[in-house]
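Me: Please take a close look at how the strands in this model are arranged, and then follow the account to the side chains around them. I am in my first year, so kindly explain each term as it arises.

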Amino acid sequence: MSWCPQYRSSKFRHVYGKAASKENCYDCIPITQSVHDNHFCAVNPHFIAVVTECAGGGAFLVIPVNQTGKLDPHYPRVCGHKGNVLDIKWNPFNDFVIASCSEDATVKVWNIPQHLLKQSITHAQKELLGHARRVGLIEWHPTASDILFSTGYDYKIMIWNLDTKDSVIETPVKTISFHTDVILSMSFNTDGSLLATACRDRKIRIIDPRAGALLQEASNKSHRVNKVLFLGNMKKLVSTGTSRWNNRQIAIWDQGDLSVPLVEEDIDGSSGLLFPFYDADTHMLYVLGKGDGNIRYYEISLEKPYLNYLMEYRSPLPQKGVGNMPKRGLDVSSCEIFRFYKLIPMKSLIEPVSMIVPRRSESYQEDIYPMTAGVQPALAAEEWLNGVNKGPVLMSLRPGSVILNSLPPFPEESSLEATEPVLYRSRMAETTEKPSRIPEKWGNRRAEGRGQEDKRTTGLSNGFDAFECPPPKTENELLQVFYRQQEEIRRLREALIQRDVQIRQLELEIKNVRMDTGRF
C-alpha cells in the first residue's frame with residue numbers, strides 16, 4: 001500500500017497579502033519611539049489613530065481613513081496627557097470615541113468631531129483616576145456599552161463604568177488585584193463573560209471579571225507567554241511567547257484545562273515580540289513580529305493538529321506596531337477578509353496591507369463573509385454588571401443590507417439597520433407559520449413598516465450616508481456602488497413579493513370568515 005500525504009482542503013489556502021500603493025499610504029507620520037510592547041495604532045471605518053513622538057507629555061494623531069498621502073507637520077493632535085501615551089483603543093460601538101492610557105497613571109476618553117480637526121484637542125470627555133502607577137493597557141468590553149478595562153504597573157485590573165455624567169471618575173466598579181507582576185495582555189471571550197490575561201510571571205489566567213475570581217491558571221516552563229487571545233467560540237486560547245531555547249513560539253490551549261498546551265510550534269529565533277490577531281469569522285490566525293515585516297497566517301481547526309499553516313506575507317520593511325480594520329470597514333467587492341496598518345518608523349510611514357481571497361467573480365462572496373459583530377451593543381453597562389451575558393449583535397457585510405458605520409447623530413438608523421436581518425427573518429417566520437395571527441397584527445405592522453421606511457430614507461441611500469460617502473472616483477468604486485444598488489433592488493423586490501403573499505393570505509382569511517358567517 002503506497003503512502004499518501006494528508007491534504008487538507010481550505011478556501012483560505014491561497015490567501016495573499018497586498019500592500020497599498022505609495023499614494024494610498026500615510027506618509028510623514030511622527031511614529032512614537034517608545035519601547036513599550038503595544039500596537040500604538042487603532043483603526044475604525046472612519047479614522048486611524050496612531051501614537052506619535054512629541055516633546056512634553058503624550059499625544060496621538062487621529063487621521064480620517066481616506067486622507068492618505070503626506071501629512072501636514074502642523075496637523076492637530078490629541079494631547080491632553082502629561083506622560084507618554086502607551087495604548088489607544090476605539091470604542092467598538094461608537095466610531096467617534098477613543099480611549100487612551102499613559103505613563104501619567106490616567107485613562108482618558110475623548111470625543112472626536114466628525115469634521116476634520118482644526119485645532120488640537122486638550123480636554124477629554126472623561127478622566128479615570130485610580131491607578132497608582134503608569135497604565136499600560138486598556139480594552140473595551142466586546143458586547144456591553146460603556147465598560148472599559150485598564151491595567152497598569154500597579155499589577156491591578158480596573159473595571160470602569162463610563163455611563164455616568166461625571167467627567168472625572170476616581171473609583172472603578174471593580175478592582176482585580178491578585179496578579180503578582182505586570183499584565184502584558186488582556187482578551188475577552190465572545191460574550192465578554194471571561195477575561196484571559198498574560199502576565200510577566202509567565203502565567204496565563206482565566207478570570208471571571210465581575211466576581212474577580214480566578215478560574216484557571218497555566219504555568220508552563222517550556223512556554224514563556226507574552227500575548228494571549230481567546231479563539232472565539234472554539235473553547236480554546238492561543239498564546240505567543242518564547243520557548244526555553246528562546247525561539248519565538250505559538251501555543252494552543254484548551255480553555256477547560258490549561259495544564260499542558262495542546263500544541264506548540266516554534267517560529268524562528270528572532271527576538272521581536274509576536275502580535276497575534278484572530279478572525280473568528282474565518283477561523284484564521286495572523287501573527288506579526290515586532291521588528292520584522294512578515295505576516296504569517298494559519299487556520300485554526302477543532303481537531304488535531306489545531307494549527308494549520310497557510311502562507312506568509314513577506315516585506316523588507318519592519319513594523320514597530322500594527323492596527324487592524326474591523327470587518328465592517330473592509331472592501332467586500334475585492335474579497336478582502338482582513339486589513340492591517342503597519343507602522344514603519346524608519347520611513348515615517350503607515351502602510352495598509354490587505355489580505356485577499358483570490359476569486360474570479362466580483363459579486364458578493366457569502367461563504368467568506370458570515371454574519372459578524374456589528375456596531376450595536378448587546379447590553380447596557382448596568383445589565384452586564386448585574387450578571388447578564390449576551391453575545392454580540394450580528395450584522396451582514398452584504399452591500400446595501402446594513403449600515404457600515406456608527407454615527408452618534410443617527411442612533412435610530414444604526415440600531416434599525418443592525419437588527420434588520422433578524423427582524424426580517426422573524427417576520428417571515430410569523431407570516432409563513434402563523435397565518436392566523438396576520439389579521440390581528442397587519443395594521444400595526446404596516447404602520448411600523450412605513451415608519452421604519454421613512455426613517456431609513458432620511459439621509460441614507462442603500463444603507464450608506466449620502467453625505468458621508470464621496471462619489472466614486474475609480475472603476476472599482478463604481479462597481480461597488482452598482483452592486484449595492486442591485487442588492488437594494490433585489491431586497492425591495494423580495495419585500496414586494498412578501499407583501500403580495502401577505503395580501504393573498506389576508507384575502508383568504510377574509511373569504512373564510514365570510515363563508516363561516518354565511519353558514520350560520
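Reply:
**Strands and their partners**

Five strands, in the order 8-9-10-11-15, form an open sheet whose pairing is mixed. Its edge strands are strand 8 (85–90) and strand 15 (168–169), each of which pairs on one side only. The model is a predicted one, in which local features need pLDDT of at least 70 and side-chain atom pairs count only at pLDDT 80 or more, while totals for chains, interfaces and linings use all residues. Residues are numbered from 1 along each chain as its sequence is written, and side-chain values use heavy atoms, with hydrogens and water left out.

Two terms are needed at once. Strands (E, at least two residues) and helices (H or I, at least four) are DSSP runs numbered from the N terminus, and two strands pair if DSSP finds at least two bridges between them. In general, strands of a sheet pair through backbone hydrogen bonds, either parallel or antiparallel. By these rules the protein chain has 5 helices and 35 strands.

Within the mixed sheet, strand 9 (residues 97–102) and strand 10 (residues 106–111) are antiparallel and share 5 bridges. Serine 100 faces lysine 108 of strand 10 across this pairing.

A second open sheet has 4 strands in the order 12-13-14-16, with antiparallel pairing. Strand 12 (135–140) and strand 16 (174–176) lie at its edges; each has a single partner strand, so one side of each is left without a neighbour in the sheet. On average, neighbouring strands here are turned by 20° against each other, direction ignored; the axes are lines fitted to C-alpha atoms, for helices over the stretch in contact, and angles run from 0 to 180 degrees between N-to-C directions. Strand 12 pairs with strand 13 (residues 147–152) in the antiparallel sense over 5 bridges, and isoleucine 138 has serine 150 of strand 13 as its bridge partner.

Further along the chain, strand 23 (residues 248–254) has partners that can be traced in turn. Strand 22 (residues 236–242) runs antiparallel to strand 23 and is joined to it by 7 bridges, with serine 239 opposite alanine 251. The hairpin of these two strands has 5 residues between them, and asparagine 246 takes a positive phi near 65° there. Strand 23 also pairs with strand 24 (residues 263–266), antiparallel and over 4 bridges; here isoleucine 252 is matched with valine 263. Of the 7 residues of strand 23, 6 are buried. Buried means under 20% relative accessible area, exposed means over 50%, and partly exposed lies in between (1.4 Å probe, protein chains only).

The side chains bring in aromatic pairs. Rings of Phe, Tyr and Trp (its six-membered ring) pair if their centres lie within 6.5 Å; planes under 30 degrees apart count as stacked, over 60 as edge-to-face, and the rest as tilted. The count comes to 13 aromatic pairs. Tyrosine 26 and tyrosine 341 form a tilted pair, because their ring centres are 6.3 Å apart and their planes stand at 45°. This pair links strand 2 (residues 26–27) with strand 30 (residues 336–344), across 315 residues of the chain. Tyrosine 26 is buried, with a relative accessible area of 2%, and tyrosine 341 is buried, also at 2%. Phenylalanine 47 and tryptophan 90 count as stacked, because their ring centres are 5.7 Å apart and their planes are at 15°. Phenylalanine 47 belongs to strand 4 (residues 47–52) and tryptophan 90 to strand 8, 43 residues apart. Both residues are buried. Elsewhere, ring pairs link Phe277, Tyr286, Tyr297, Phe338 and Phe340 into a cluster.

A charge may also sit over a ring: NZ of Lys or CZ of Arg must be within 6 Å of the ring centre and within 35 degrees of the ring normal. Arginine 134 is placed in this way over tyrosine 153, at 4.1 Å from the ring centre.

Finally, cysteine 335 is found in the loop between strand 29 (321–324) and strand 30. Cysteine 335 counts as buried, because its relative accessibility is 2%. Its C-alpha atom is 5.5 Å from that of valine 357, 22 residues away along the chain. Beyond neighbours within four places in sequence, the contacts (heavy atoms within 4.5 Å) of cysteine 335 include Met355, Val357 and Tyr369. A disulfide requires a pair of cysteine sulfur atoms within 2.5 Å, and the count of disulfides is 0.
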